[in-house]
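Subject: Structure handover and findings

Dear colleague,

Please find below the structure that I am handing over to you. My findings follow it.

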Amino acid sequence: MSREAVENPAPAWRPACALFVGGVRSGKSAFAQRWAEARAPRRLYVATCAAPDAEMAERVRLHRAARGPEWACLEVPLDVPEALDALWAGAGPGIGAGVVLLDCVSMWISNLLGAGLDDAAALARVEALAASLERRTLPVAVVTAETGLGLVPPSPLGRRFLDVLGLANQRLASLAEPVVLAVCGLPLALRGPLPEELELRP
């Protein structure tokens, strides 16, 4: 074995980690679900969205109905890295699932800032998530919003949210392949080939 190989060993094989990014109603969650469903018959949906009112609760109900009974659901508004680490270790809800869908990072960032974390603390949580994803033992689809194409928000909190989310998206994209951008219900591969199950057919 060469000295270079010893100093720079090949990374351990890991199941796929796919990142799906896009705006509101762009199709990103649907593409992530399709990707996950092509990989295992039993799936775990890790939801970061809370339901503080009746309208949001109805949205959650409709999402669950659309996924079907093959999906288990774990609601984790804040402690996402810890929940994933427990799953990789074979503990907690979701045991037996063959694939994980995390939806979504943007809501998670909103929850962290809403809980009072400053930007540095929120980004430390992003690093914890990235580290957990690097330890994954199952294929993972991660959904996040692309919010950097619009106007700068007028409020300090809105600007902080964009800053933290933009850095989080960059960090997660650095470890994911494929990375798929959803626009108007159309998928565009940003890194790696477009997964076959996402290809548009006449």
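In which helix is the place of Leu-87? Leu-87 belongs to helix 4 of this model, which is a predicted one. With a relative accessible area of 8%, Leu-87 is buried. If residues up to four places away in sequence are not counted, Leu-87 touches Leu-44, Pro-93, Gly-94, Ile-95, Val-100 and Leu-138. One of these, Val-100, is 13 residues from Leu-87 along the chain, and the two C-alpha atoms are separated by 9.6 Å.

Nonpolar cores

The largest nonpolar core has 34 residues. Within this core, the members that touch the most others are Val-105, Ile-109, Leu-129, Leu-133 and Val-142. At least two core residues come from each of the following elements: strand 1 (17-22), strand 2 (43-47), helix 4 (80-88), strand 4 (99-103), helix 5 (105-114), helix 6 (119-134), strand 5 (140-145) and helix 7 (156-173). A second core, separate from this one, consists of 18 residues, among them Trp-35, Val-99, Leu-101 and Val-180.

For Leu-133, the contacts outside its neighbours within four places in sequence are Cys-17, Leu-84, Val-140, Val-142, Leu-172 and Leu-175.

Val-143 is located in strand 5. Its relative accessible area is 0%, so Val-143 is buried. Neighbours within four places in sequence aside, Val-143 is in contact with Phe-20, Lys-28, Ser-29, Ala-32, Leu-101, Leu-102, Asp-103, Cys-104 and Val-105. Pro-193 lies 50 residues from Val-143 along the chain, with 18 Å between the C-alpha atoms of the two residues.

The largest pocket

The volume of the largest pocket is about 790 Å³. Its lining comprises 28 residues, of which Lys-28, Ser-29, His-63, Asp-103 and Cys-104 are the closest to the pocket centre. Lys-28, Ser-29, Asp-103 and Cys-104 also appear among the contacts of Val-143.

Which elements each supply at least two residues of the lining? They are helix 2 (28-37), strand 2, helix 3, strand 3 (71-75), helix 5 and strand 5. Helix 3 gives the most, with six residues.

Helix 3 itself covers residues 54-67, which makes 14 residues. From its first C-alpha to its last, helix 3 reaches 20 Å, close to the 20 Å expected at 1.5 Å a residue. Just after helix 3 comes Gly-68, with a positive phi of about 90°.

Backbone features

Two cis peptide bonds may be of use to you when you inspect the backbone: one joins Asp-103 and Cys-104, with omega at about 0°, and the other runs from Glu-177 to Pro-178, with omega near 10°. Cys-104 has its place in the loop between strand 4 and helix 5, and this residue is also one of those closest to the centre of the largest pocket. Pro-178 is in the loop between helix 7 and strand 6 (179-183).

Positive phi values also occur in residues other than glycine. Arg-25, which is not a glycine, has a positive phi of about 55°. The residue lies in the loop between strand 1 and helix 2. Arg-25 counts as exposed, at 69% relative accessibility. Cys-184 likewise is not a glycine and has a positive phi, near 55°. Its place is the loop between strand 6 and strand 7 (186-191). With a relative accessible area of 72%, Cys-184 is exposed.

Cysteines

A disulfide is a covalent bond between the sulfur atoms of two cysteines. How many disulfides does the model contain? With a cut-off of 2.5 Å between cysteine sulfur atoms, the count comes to zero. Cys-17 is in no disulfide, and the nearest cysteine sulfur, that of Cys-104, is 15 Å away. At 4% relative accessibility, Cys-17 counts as buried.

Why does Cys-73 form no bond with the cysteine whose sulfur is closest? The closest cysteine sulfur, in Cys-49, is 10 Å from that of Cys-73, and this is too far for a bond. Cys-73 counts as partly exposed, at 30% relative accessibility.

Yours sincerely

Technical notes
Residues numbered from 1 in each chain as written. Predicted model: local features only at pLDDT ≥ 70, side-chain atom pairs only at ≥ 80, totals over all residues. Heavy atoms only, no water. Helix = DSSP H or I, 4+ residues; strand = E, 2+ residues; numbered from the N terminus. Expected span 1.5 Å × (residues − 1). Core = buried A, V, L, I, M, F, W, Y, C linked by side-chain atoms within 4.5 Å. Buried < 20%, exposed > 50% of the residue type's maximum accessible area, 1.4 Å probe, protein only. Contact = heavy atoms within 4.5 Å. 1 Å grid on protein atoms, 1.4 Å probe; cavity = no way out; pocket = protein on both sides within 12 Å on 5 of 7 lines; lining within 4 Å. Points joined across faces, edges and corners; volume = space filled by probe spheres on them.
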